Amino acid sequence: MTAYVPGITETDLKKIILALQQLAAGRSNAVGRVTLATGTSSTVVADNNCSAGSTPILTATTAAAAAELGNGTIYVSAVSNGSFTITHASSAAATRTFLYALLG
């Protein structure tokens with residue numbers, strides 16, 4: 001679930017408190033969904049909330065994605081401003097879908 005982000009010039013205290021409450025409840029705009037590319041061994045995930053110091057955390061949402069994790073053939077190989085790269089086994093399976101969260 002996404003969090004409300006007040007503008008830098010926001011003066012309405014209720015909106016600022018709402019944003020803080022949502023953050024405390026665990027809401028974040030630094031999340032997404034990715035399906036691994038087929039027929040290749042890497043997938044680039046574009047996300048404006050990603051920076052060079054971010055840590056992407058992947059969670060499998062399909063059996064094929066869980067198998068990829070179980071095989072030990074998937075890892076985050078690069079993180080930069082605006083994207084991260086997942087290296088994985090080359091497969092024809094189009095159902096290796098993950099949720100991700102970016103920390104940092």
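The following paragraphs go through a predicted model of a protein, from its overall layout to individual residues.

The protein has two helices and six strands. Read from the N terminus, the order of these elements is α-β-β-β-α-β-β-β. Along the principal axes, the C-alpha atoms occupy a box of roughly 50 × 25 × 20 Å. The radius of gyration is 16 Å, whereas a compact globule of 104 residues would have one near 13 Å.

Some totals describe the chain as a whole. Of the 104 residues, 26% are buried. The accessible surface amounts to about 6200 Å², and carbon and sulfur atoms account for 58% of that surface. For contacts between residues at least 6 apart in sequence, 73% link residues at least 24 apart. As for charge, the protein carries 5 positive and 4 negative charges, and the mean positions of the two sets are 7 Å apart.

The interior comes next. In soluble globular proteins, nonpolar side chains tend to be buried together. Here the largest nonpolar core contains 13 residues, and Leu58, Phe84, Ile86, Phe98 and Tyr100 have the most contacts inside it. At least two residues of this core come from each of strand E5 (83–87) and strand E6 (97–103). Strand E6 makes the largest contribution to the core, namely three residues.

Ile86 can be followed outward from this core. Beyond residues up to four places away in sequence, Ile86 touches a list of residues that includes Val34, Leu36, Val45, Leu58 and Ile74. Also on that list are Ser41, Ser42 and Thr43, along with Tyr75, Val76 and Ser77.

Val76, one of those partners of Ile86, sits in strand E4 (residues 75–80). Is Val76 buried or partly exposed? Its relative accessible area is 29%, over the 20% limit for buried and under the 50% limit for exposed, so Val76 counts as partly exposed. Apart from neighbours within four places in sequence, Val76 is in contact with Pro56, Leu58, Phe84, Thr85 and Ile86. Its C-alpha atom is 8.8 Å from that of Ile57, a residue 19 positions away in sequence.

Ser83 belongs to strand E5. The relative accessibility of Ser83 is 17%, and because buried means under 20%, Ser83 is classed as buried. Leaving out residues up to four places away in sequence, Ser83 touches Val44, Val45, Ala46, Asp47 and Cys50.

Leu102 is located in strand E6. With a relative accessible area of 6%, Leu102 is buried. Which residues does Leu102 contact, leaving aside its neighbours within four places in sequence? They are Ala30, Asp47, Asn49, Cys50, Thr55, Pro56 and Phe84. Asp47 and Cys50 appear among the contacts of Leu102 and also among those of Ser83. Asn49 is 53 residues from Leu102 along the chain, yet the two C-alpha atoms are separated by 7.5 Å.

The N-terminal end gives a case on the surface. Thr2 is placed in the segment before helix H1 (13–24). Its relative accessible area is 56%, which means that Thr2 is exposed, the cut-off being over 50%. Thr2 nevertheless has contacts beyond residues up to four places away in sequence: Gln22, Arg27, Ser28 and Asn29. Thr2 and Arg27 are 25 residues apart in sequence, and their C-alpha atoms are 5.7 Å apart in space.

Conventions: Residues numbered from 1 in each chain as written. Predicted model: local features only at pLDDT ≥ 70, side-chain atom pairs only at ≥ 80, totals over all residues. Heavy atoms only, no water. Helix = DSSP H or I, 4+ residues; strand = E, 2+ residues; numbered from the N terminus. Rg over C-alpha atoms; globule rule 2.2 N^0.38 Å. Buried < 20%, exposed > 50% of the residue type's maximum accessible area, 1.4 Å probe, protein only. Contact = heavy atoms within 4.5 Å. Areas by Shrake-Rupley, 256 points an atom, 1.4 Å probe, with all protein chains shown as cover. Lys, Arg positive; Asp, Glu negative; His and termini not counted. Charge placed at Lys NZ, Arg CZ, Asp CG, Glu CD. Core = buried A, V, L, I, M, F, W, Y, C linked by side-chain atoms within 4.5 Å.
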